[in-house]
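Here is a short report on the fold shown below. Hairpins come first, then sheets, domains and cores.

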Amino acid sequence: MIRTASQRAYSEALRYIPGGVDSPVRALRAVGETPLFIRRAQGSVLTDIDNNRLTDYCLSWGVFLLGHGERHVRRAVRRAVRAGTSYGIPCEGETHLARAINGHFPSMERVRLVNSGTEAVMSAIRLARGFTGRDLVVKFAGCYHGHVDHMLVAAGSGVATLPMASSKGVPEDFVRHTACLPFNDPDAVRRFFEQRGEQVAAVIVEPVPANMGVVRPREGFLELLRQVTAQSGALLVFDEVITGLRLSAGGAQQLFGVTPDLTTLGKIIGGGFPAAAFGGRADIMAMLAPDGPVYQAGTLSGNPVAMAAGLATIRRLEAPGFYDDLQRRCDRFYARVREAIEGRDITLSSAGPMFTLFFGCGRAASFDDVLGADTERFARYFRRMLERGIYVSPSQTEASFICSAHTDSQLDAFVDALRQSIL
Ligand SMILES: Cc1ncc(COP(=O)(O)O)c(C=O)c1O
């Protein structure tokens, strides 16, 4: 695969941008590569500036469930741009998107729209602290909630691939208010709540973590979180930035039947534009300015173009049978992947249209399990898939994604490439 134009572009980027990228995982260091620079993306296909065509299983880190540039979304965006690109004054698109979100996530009785998942989490945590009058927040090792200071403790995603426990620049004082527990360990949760439950403002969790690779919650684990938070007066926050509108129209909370107090959404709800949201119980959300004393704001929040893209996306996902069809195709794909990896010490972990192949760690039920995976083998797999025109998410501790634009023959080609890549 010729990469000369991307390599030139990368050298130029390095002169002006730290590490040449605006988000660390894009540097591809975890897989011993340098970044591809993309010229265009359409459907399930990326074209880089060397004119290599790649089937995309990263999909802007889970932004696209319909594929890139879906025509209804494009049309809505074109119409929105003609009407102006930012007002800083309310527009009806904000209410339309908030209403659509509320329709799918009834627990989000009130919704505030923001620009990124990080911002949604940061705001939800501030709100939980303001509402409860407590400081302590509980997170789980390997879950990633954006680059919020007090969430950069044993964080997954790109942070997990960097040679640092969390991040420099985060004051010890902040981290003091974050407790980190092992995911899928009910005893650790019970013990912690027996001792410190009264101090906890919120438990935040990716209900199906995708940022340590896909790890499914053990049966009863989310229910336990609901129970201990309710008993101790803490709030339960589901970070559904990845799982929301992905695992079902109503996210993981609908799938597992566990209702959080607050939810964060991002990625899919922006339709490829910077939009995210947090929301939840009306009495909690009433604490937000201008109604209440918890401050939160944003110049570009509720941006009209992002609202139009998000709403157009949700409308397409509401087509009858959308999730069932996609799941059927995923199930067929996963069955073929399982055949391909049989007897090879590779574990397929999946939830709906997201999956991770773990190399050499046996089961994948906790952050400790996945940290035992062989990242060198993963890197080899990534590079070999790339040579065969397939772009999977470039880290062992990330999920890859399937969208409705992937054709059956592309999914079959993935399995063929996989067979050749794990020889
Ligand atoms: C579960 C989860 N929460 C929060 C975030 C942060 O979102 P953003 O990158 O839009 O700030 C991410 C990003 O990947 C995420 O996966």
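## Hairpins

The hairpin of strand 2 and strand 3 has 4 residues between the strands, and there Asn51 takes a positive phi near 70 degrees. Helices (H or I, at least four residues) and strands (E, at least two) are DSSP runs, numbered from the N terminus. This is a predicted model, in which local features need pLDDT of at least 70, side-chain atom pairs count only at pLDDT 80 or more, and totals for chains, interfaces and linings use all residues. Residues are numbered from 1 along each chain as its sequence is written, and side-chain values use heavy atoms, with hydrogens and water left out.

The hairpin of strand 1 and strand 2 has 2 residues between the strands. Here Gly43 takes a positive phi near 60 degrees. Two strands pair if DSSP finds at least two bridges between them. The pairings around strand 2 (residues 45-48) are tabulated here.

| Strands | Bridges | Sense | A facing pair |
|---|---|---|---|
| Strand 1 (residues 38-42) and strand 2 | 4 bridges | antiparallel | Arg40 and Thr47 |
| Strand 2 and strand 3 (residues 53-56) | 3 bridges | antiparallel | Leu46 and Leu54 |

Strand 2 sends Val45 and Thr47 one way, Leu46 and Asp48 the other. All are buried (under 20% relative accessible area; exposed is over 50%, partly exposed in between; 1.4 Å probe, protein chains only).

## Two open sheets

7 strands make an open sheet of mixed pairing, in the order 4-10-9-8-7-5-6. Its edges are strand 4 (110-114) and strand 6 (178-181), each paired on one side only. Neighbouring strands are turned by 20 degrees against each other on average, direction ignored. Helix 4 (residues 92-104) packs on this sheet and touches strand 4, strand 9 (262-265) and strand 10 (276-280). The direction of helix 4 makes about 125 degrees with that of strand 4. Axes are lines fitted to C-alpha atoms, for helices over the stretch in contact, and angles run from 0 to 180 degrees between N-to-C directions. Within the sheet, strand 5 (residues 136-140) and strand 7 (residues 200-205) run parallel, joined by 3 bridges. Val138 has Val203 as its bridge partner in strand 7.

Another open sheet has 3 strands in the order 11-12-14, with antiparallel pairing. Strand 11 (346-351) and strand 14 (400-401) each have a single partner strand, so one side of each is left without a neighbour in the sheet. Strand 12 (residues 354-359) joins strand 14 through 2 bridges. Phe355 stands opposite Ser400. Helix 12 (residues 322-341) packs on the sheet against strand 11 and strand 12, its direction at about 170 degrees to that of strand 11.

## Domains and cores

The chain divides into domain 1 (4-57 + 324-421) and domain 2 (71-317); the bounds come from an automatic or database domain assignment. Their centres, taken over C-alpha atoms, are 25 Å apart. Their contact (heavy atoms within 4.5 Å) takes 25 residues from domain 1 and 24 residues from domain 2.

The largest nonpolar core has 69 residues. A nonpolar core is a set of buried Ala, Val, Leu, Ile, Met, Phe, Trp, Tyr and Cys residues joined through side-chain atoms within 4.5 Å. Among the members touching the most others are Ile101, Phe333 and Tyr381. Both domains give residues to this core, so it lies between them. Apart from it lies another core, of 31 residues, including Val138 and Ala364.
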